[in-house]
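Reader: I have some questions about how the labels on this model are justified. Please set each value against its cut-off.

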Amino acid sequence: MSRLRPRGAADAYLRDCASRKVLDSIANKWTCLLVDALRDGPVRFGALRRRLDGITQKSLTQTLRAMERDGMVIRTVYPTIPPRVEYELSDLGHSLVVLMEGIRMWSETHVGEIEAARAAFDSRATKEPQPVRPG
């Protein structure tokens, strides 16, 4: 479907459009969950790691750095021994809260349907004859 856009406007369908990198960043499952985990205010790294069951320290660090680089997260280091570090959403990050909550809630609501569809597909795929390649 064609949509009229002003000349020079972002268009994620174009290969070289910078908005594709933004889309790639916010489409990450950890970004989605971190936005929700940070929605109520500053949180320490350890608390985030406990909240996001299954995330590795490396993945959490990389995702927080990427979100900070993109302006979605603010990292605050307090001069204590050992240093205390907290993460919170910036105004830009807060603008993602409703979107990410919707994606998370949709996933939780429809997980049963998705799993059933996957099982049906996998069952059909194992029963269908595979093409014979000339050899």
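Author: Start with Ser-123, which sits in helix α6. Helices here are DSSP runs of H or I with at least four residues, strands are runs of E with at least two, and both are numbered from the N terminus. This is a predicted model, where local features need pLDDT of at least 70, side-chain atom pairs count only at pLDDT 80 or more, and totals for chains, interfaces and linings use all residues. Residues are numbered from 1 along each chain as its sequence is written, and side-chain values use heavy atoms, with hydrogens and water left out.

Reader: Why is Ser-123 called partly exposed?

Author: Buried means under 20% relative accessible area, exposed means over 50%, and partly exposed is in between (1.4 Å probe, protein chains only). Ser-123 has a relative accessible area of 31%, so it is partly exposed.

Reader: What is the C-alpha separation of Ser-123 and Ser-95?

Author: It is 41 Å, for two residues 28 apart along the chain.

Reader: Which helix holds Leu-99, and why is Leu-99 called partly exposed?

Author: Leu-99 is in helix α6, residues 97-127. Its relative accessible area is 44%, so Leu-99 is partly exposed. The C-alpha atoms of Leu-99 and Cys-32 are 8.9 Å apart, with their positions 67 residues apart along the chain.

Reader: What makes Cys-32 buried?

Author: Its relative accessibility is 10%, so Cys-32 counts as buried. Cys-17 has a relative accessible area of 15%, so Cys-17 is buried too.

Reader: How many disulfides does a search of the whole structure find?

Author: Zero. The test asks for a pair of cysteine sulfur atoms within 2.5 Å. In general, a disulfide is a covalent bond between the sulfur atoms of two cysteines.

Reader: Why is Thr-63 called buried?

Author: Its relative accessible area is 8%, so Thr-63 is buried. Thr-63 belongs to helix α4, residues 57-69.

Reader: Which residues does Thr-63 touch, not counting those up to four places away in sequence?

Author: Trp-30, Thr-31 and Leu-34. Contact means heavy atoms within 4.5 Å.

Reader: What makes Val-85 buried?

Author: Val-85 has 18% relative accessibility, so it counts as buried. Val-85 lies in strand β3. Beyond its neighbours within four places in sequence, Val-85 contacts Val-43, Arg-44, Phe-45, Arg-75, Thr-76 and Val-77. The C-alpha atoms of Val-85 and Arg-20 are separated by 31 Å, at 65 residues apart along the chain.

Reader: And Glu-88: why is it called partly exposed?

Author: The relative accessible area of Glu-88 is 27%, so Glu-88 is partly exposed. Glu-88 is found in strand β3. Its contacts, leaving aside neighbours within four places in sequence, include Leu-38, Gly-41, Pro-42 and Met-72. Val-73, Ile-74 and Thr-76 are also among them. From Glu-88 to Ala-116, the C-alpha separation is 37 Å, with the two 28 residues apart along the chain.

Reader: Is the peptide bond from Ile-81 to Pro-82 cis or trans?

Author: Cis, with omega near -10 degrees. Pro-82 is in the loop between β2 (73-78) and β3 (84-89). In general, most peptide bonds are trans.

Reader: How many helices and strands are in the chain?

Author: Six helices and three strands. Along the sequence the pattern is α-α-β-α-α-β-β-α-α.

Reader: What makes the chain more spread out than a compact globule?

Author: Its radius of gyration is 20 Å, and the globule rule gives 14 Å for 135 residues, so the chain is more spread out than a compact globule. The radius is taken over C-alpha atoms, and the rule is 2.2 Å times the number of residues to the power 0.38. Along the principal axes, the C-alpha atoms fill a box of roughly 70 × 45 × 35 Å.

Reader: What share of the 135 residues counts as buried?

Author: 24%.

Reader: And which share of contacts joins residues at least 24 apart?

Author: 43%, among contacts between residues at least 6 apart in sequence.
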